[in-house]
Amino acid sequence: MKALFLRKSAIALAAIALVGIFAPLFAPAPPQEIVGAPFARPIWWKSGKLPAAKSFDVKIDGIEFEWEDEPPAIFSLYGRVTADASSEVRVIWRTPRKEYLLERLSGSELYWINSDGRDMIFKQALGLPLVSRSVDHLFPSRGKYSLSVEGAKGAELRLLLPGERQGLLGTDQRGRDVFTLFLYGIRTSLIIGTAATLVASLLGVSLGLAAGYAGGLCDALIMRAVDVLLSIPTLPILMALAAVWGKGLWQLVLIFSMFSWMGTARSVRSLVLTLRESAWVESLRALGASRGYILRRHLLPETAPILLANVALGVPGAILSEAGLAFLGLSDPRLISWGRMLHEAHSFGAFTQGAWWLLLPPGLGIVAVCLIFLDMGKFLEEKIDPRLG
Amino acid sequence: MNAGWFAKRLLSSLFVLAAVIALNFILFRMMPGDAVSTIIDPSFSPEAKENLRAIYGLDRPLAEQFMIYVKRMLTFSFGLSFISRKPVWEELLSRLPATLALTSASMALSAAFGIWLGIKAALCRGRLAEKIVLGASAVTASFPGFFVQLVLLMLFARALPIFPLRGTLSAPPPSGTMNLFFDYVRHMALPVISLSLIGFGGWALYVRNLMVRALGEDFALMARARGLPRGRVVWHAFRTILPPIITIFLMSVPGLVSGAVITESVFSLHGVGTFLLEAVSGHDYPAAGAAFYLLALITVFCNLAADVSYGFADPRVRIEGKKE
């Protein structure tokens, strides 16, 4: 047992699980929060002069800054301005080439500003072509830019310039941080993988014990069910069940465990069949031990090693099933998982954008977790049956 | 071929089929609400609602519904789709060729390549071929198939536009039979290659293990001692492992059909899998049930075919009528 916990894969699994549990601490923002422009590249991406995301706090005396890169992806300005009702407030954006009057406000003491460069109304008010990107006009060249608020008493504005580079792993089609989504995906994968496999193993052990020890009609029925379930394609049934029963986390766990207990049941049954005829079980029977007692106290512990290896080897199957269903779009859209991320990458234009950063992190995450469990399972199997090694 | 053995296999296939039909019936009657509640508008008059329920046969007792259902499944009359209001069977037939082409081609390709590589690995132990086999089998067990396909799609359809990004045929389809055929092949190439790439690792490992054992047995040693050429020795050994290879062929069919469903969705092929996905996500129960039934039918048929060929390959079954 100690050798298992000191194995590299077990340590890696513990580390991943910890990261998954404490994901909110590592993540820069909650996963549903939109922090950047759609399809922004990872921050460490170096090609040309793609700007990183910038934001400025604008007070009453305005701001001034140098801009060296390409235009940002989005220009947005929001916040509030206080002024005398009688005076006219003007918010002016000065570029090296041209001056834009962003807002002209009067007649009130408090104004809320919320403008976004992608709005048609914004473009029309500035006299920009409606079918162009407003940022190309608002950032015509490198040089000195300034934003000033005139005629106001106080201003608490925020100028947000999400760039084409954002976050450790870029952003998805809605501008959410991919790194955050990736961290939250760990949790879903591990919960579904382990919970579904545990339930399936419980089912498999109890049915396998029953079939192996009771024999007769019970055995025939259970083994027929195993044969049928093993010879029909499971994914279509899983799809139908997910659509019929709902797509929540625990429904998925239940569905997966219903269709993955067969292997465990088979190996437990064959073990019990040989144990049943062994001398010590026979002597237990001769001593008058009840059936339940023999099963519980003597046969169940014997199956433990098989069970342990089956759990470790079964988790990748459950994780892959979840990823497959989520990839087909049959999981709860609010449930962040690696499969869901791949689904969104596939159906919302990551391919036309060439957005590999939406594809590789979730995919490699699934692969890594599966490899870890496979390694642990192989190790346990070799411990149980040294001939396999 | 022993008639009794064959009858037993046939019976077992029919049993699986019966189980699939029963499962299908239960599954689509278990959902919340009513099968027609998705198409009944609340503003319909009570008579209209009753009429609709009568059209879909939902006003009869459950046992009678089940009998009618079984009869329909066996005669392939799946009724009308809830969404398109067209016969489901016609739609399915138009999508069957793509699915069959995809599954059979990738199965043949992965089996052929896997067997070849497995034999190669068994012959040159500790060399490159064996390392490839061991690595590939570990990788295929842990790589989600659709992820491999997405990466291939990104590489060979986006970064290097050799293959089309989606679809079964170009729109509009090219004229001329030859052009049409080549266009079809070009669209199916990446799905078939990727699906067989996912499958061959398991094959190769299995064949390698069997082959190593067979080559170590006395008859192989004897064949070598008699000075037979290497090819003959390998053939002798291969002949003895043919039955278990057929068994694994049989057991890989359900997984392959599941893989085909996802593959069709990745490459947006016009197949039964995408039909099932559309039906399931659109709550189109007759269509989903029919598609599932058809996929299960393909699997059961493949199993039966594999069983029969097992009978031909294993003399013990052929002559004595016993398996093992």
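## Sheets, helices and a shared interface

Student: Let's start with the sheets. What's the strand order in the open sheet that has E1 in chain A?

Tutor: The order is E1-E8-E3-E6 in chain A, an open sheet of four strands with antiparallel pairing. Strands here are DSSP runs of E with at least two residues, helices are runs of H or I with at least four, and both are numbered from the N terminus. Two strands pair if DSSP finds at least two bridges between them.

Student: Before we go on, what am I looking at, and how is it numbered?

Tutor: This is a predicted model, where local features need pLDDT of at least 70, side-chain atom pairs count only at pLDDT 80 or more, and totals for chains, interfaces and linings use all residues. Residues are numbered from 1 along each chain as its sequence is written, while chains are lettered from A and ligands numbered from 1 in the order in which they are written.

Student: OK, back to that E1-E8-E3-E6 sheet. Why is one side of E1 and of E6 left without a neighbour?

Tutor: Strand E1 (54-58) and E6 of chain A are at the edges with a single partner strand each, so one side of each has no neighbour in the sheet.

Student: And how many bridges join E3 to E6 in chain A?

Tutor: Seven, between E3 (residues 76-82) and E6 (residues 110-116), running antiparallel. Gly79(A), for instance, has Ile113(A) as its bridge partner in E6(A).

Student: What about E3(A) with E8?

Tutor: Seven bridges join E3(A) to E8 (residues 154-161) of chain A, again antiparallel. Ser76(A) has Leu160(A) as its bridge partner in E8(A), and Thr82(A) stands opposite Gly154(A).

Student: Which strands are at the edges of the E2-E7-E4-E5 sheet?

Tutor: That one is an open sheet of four strands in chain A, with antiparallel pairing. Its edge strands are E2 (63-67) and E5 (99-105), and each pairs on one side only. Neighbouring strands in this sheet are turned by 15° against each other on average, direction ignored. For such angles, axes are lines fitted to C-alpha atoms (for helices over the stretch in contact), and angles run from 0 to 180 degrees between N-to-C directions.

Student: Which residue in E7(A) partners Phe65(A)?

Tutor: Tyr145(A). E2(A) and E7 (residues 143-150) of chain A pair in the antiparallel sense over five bridges.

Student: Switching to helices: how far does H6 of chain A reach?

Tutor: H6 (residues 178-214) has 37 residues and reaches 53 Å from first C-alpha to last, close to the 54 Å expected. The expected span is 1.5 Å times one less than the number of residues. After H6(A) comes Gly215(A), with a positive phi near 65°.

Student: And how do H4 and H7 pack in chain B?

Tutor: H4 (residues 88-123) and H7 (residues 177-215) of chain B pack at about 35°, with axes 5 Å apart. Their contact has 23 nonpolar, six polar and one charged residues. Here Ala, Val, Leu, Ile, Met, Phe, Trp, Tyr, Cys and Pro count as nonpolar, Asp, Glu, Lys and Arg as charged, and the others, Gly among them, as polar.

Student: Last one: how many residues of chain B are in contact with chain A?

Tutor: 36 residues of chain B are in contact with 31 of chain A, where contact means C-beta atoms, placed from the backbone, within 7 Å. The chain B side has 28 nonpolar, seven polar and one charged residues.

Definitions and conventions. Contact = placed C-beta atoms within 7 Å.
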